[in-house]
Amino acid sequence: MSLTNKEINLFARHLILEDFTEKKQKILSRSQVTFVGMGGINSPIIIYLSYIGIKNFNIIDYDNVKISNLNRQIIYSQNDIGKKKVLCAKRFLKKINSKLKIRTYNAKIIKKNCNKLLSNSDLIVDGSDNWETMLIVNDYCVKYNVPLLSASVAGYDGNIALFNNIPNKHLCLRCVFPIKKEIELPRCDTVGVFGTSAGVIGILSAHKIANFLTSDKNEQFKSNIVYFNGKNSNFSEIELSYNKNCKLLKL
Ligand SMILES: [Zn+2]
C-alpha cells in the first residue's frame, strides 16, 4: 500500500530526511502500539506518535480525569474532569488525525485479562506506576516476544528502558530489578511530579519507539536504561545485561 498524497504532504518534512524512507513511513503507519495507562508519560508519547504517522493504538486505563492530573497529562483539559481517560484521550487524538484506529479498554490489567488486552501489539508502552502491573506486562512481553518500553517519572527525575524481547536473547525488567516481594513505587500522588519532567521522558520515549520500529531488525538494538536528572537537566545511560537468576530466563 502506497502513501496517499495527503500523507506525503503531511510527512513531507521527515520524508526528505536522508535516512528516512517511504518504507519507514509505511512501517510506522501499520504498527500497532499498546499503551498501559494514559498518564503523564504516555500522553506525550501517543500524541507525538500520532503526529509522525503511527495510526493503530490500543489504550488501557481504568481511571477518570482528575484536576491534579492536569499539570502533566497533556492529552486532557479541564473540560475532561470526571470523564473516562480512555474516551477523552481518543477524542483528543482523533483531532490530530481522524483516520487513527484506536481501541480503548476502560480496565485494569490483571493476570486474567492481560492476554486479551495486550494481544496484537508490535510494541507495548508501560507508563503505569504500579509494580504489580509492570510485572504482569513484563511477563507477557517476555512470553510472547513483544518489545516493551518501560518508563517512569517521580519528582524531577525519570528513566526509560526499552526491552527488545528477542527469542533466545533474554533481558527483561525482572533482570534489571530483581525484587522478590511486592514494592511500593514512588508515585506521583505521594512524592509529587514536575510536569515538564514527565514531558521530557514522554517525548524521548516516543523518539526511541519511532527509531526502534523503523530500525533494521537484523541489527541488535542496544538495550539500555536512560536516566534523566531533572534538577540538572542532564541524562546518563547504563547498558543492561541479563540476570542469570531471572525466573523468566529460558535456558
Ligand atoms: Zn529477566
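Me: What is the order of strands in the open sheet of this predicted model?
Reply: The eight strands run β3-β2-β1-β4-β5-β6-β7-β8, and the pairing is mixed. β3 (101-105) and β8 (234-239) sit at the edges with a single partner strand each, so one side of each has no neighbour in the sheet. From one strand to the next, the twist averages 15 degrees.

Me: What makes β1 and β2 a pair?
Reply: Two strands pair if there are at least two bridges between them. β1 and β2 (residues 56-60) have five, in the parallel sense. One position to look at is Gln32, which stands opposite Asn56 in β2.

Me: And what joins β1 to β4?
Reply: Four bridges join β1 to β4 (residues 123-126), and the two strands run parallel. With a cut-off of at least two bridges, the four found here make them a pair. Val33 stands opposite Leu123, and Thr34 stands opposite Ile124.

Me: How many bridges join β2 to β3?
Reply: Five, and these strands run parallel too. Ile59 is opposite Thr104 in β3.

Me: Why is β1 called largely enclosed?
Reply: To be buried, a residue needs 20 or more other C-beta atoms within 10 Å of its own. Four of the five residues of β1 (residues 32-36) are buried, so the rest of the structure largely encloses the strand.

Me: How do you know that both faces of β4 are covered?
Reply: Start from the general pattern: side chains in a regular strand alternate between the two faces of the sheet. In β4, Leu123 and Val125 are on one side, Ile124 and Asp126 are on the other, and all of these are buried.

Me: What is Ile124 in contact with, leaving aside its neighbours within four places in sequence?
Reply: Contact asks for C-beta atoms within 7 Å. The partners of Ile124 are Thr34, Val36, Leu118, Val137, Cys141, Val146 and Leu148. Two of these also face Ile124 across the sheet: Thr34 in the pairing with β1 and Leu148 in β5. Three bridges join β4 to β5, which run parallel.

Me: Which residues have the most contacts inside the largest nonpolar core?
Reply: Phe35, Ile124 and Val137, in a core of 56 residues.

Me: What makes a right-handed β-α-β unit with β1 and β2?
Reply: The helix is α4 (residues 42-52). The test is to point the strands away from you and follow the path from the first strand over the helix to the second: clockwise is right-handed. The β1-α4-β2 unit comes out right-handed, and β4, α7 (residues 131-143) and β5 make a right-handed unit as well.

Me: What covers the buried residues of α4?
Reply: The cover includes β1, β2, α5 (85-96), β4 and α10. Among the buried residues of α4 are Ile45, Ile46 and Leu49. Just after the helix, Gly53 takes a positive phi of about 115 degrees.

Me: Where does α10 lie?
Reply: Helix α10 (residues 195-213) lies across β1, β4, β5 (148-154), β6 (157-163) and β7 (224-229), at about 15 degrees to β6.

Me: What makes the phi of Asn120 worth a look?
Reply: Most residues other than glycine have a negative phi. Asn120 is not a glycine, yet its phi is positive, at about 55 degrees. The residue is in the loop between α6 and β4. The cut-off for exposed is 12 or fewer C-beta atoms within 10 Å, and Asn120 has 10, so it counts as exposed.
Asn168 is another case, with phi near 65 degrees. Asn168 lies in the loop between β6 and α8 (173-176) and is exposed, with 6 other C-beta atoms within 10 Å.

Me: Why is Lys108 called partly exposed?
Reply: The class between the cut-offs takes counts above 12 and below 20. Lys108 has 17 other C-beta atoms within 10 Å, so partly exposed is the right label. Lys108 is in the loop between β3 and α6 (111-118). Tyr62 is 46 residues away in sequence, but the two C-alpha atoms are 5.5 Å apart.

Me: How do you know how compact the protein is, with its ten helices and eight strands?
Reply: The radius of gyration is 18 Å, close to the 18 Å that the globule rule gives for 251 residues, so the protein is as compact as a globular protein of that length.

Note on methods:
Residues numbered from 1 in each chain as written. Predicted model: local features only at pLDDT ≥ 70, side-chain atom pairs only at ≥ 80, totals over all residues. Core = buried A, V, L, I, M, F, W, Y, C linked by C-beta atoms within 7 Å. Contact = placed C-beta atoms within 7 Å. Axes fitted to C-alpha atoms, helices over the stretch in contact; angles between N-to-C directions. Rg over C-alpha atoms; globule rule 2.2 N^0.38 Å.
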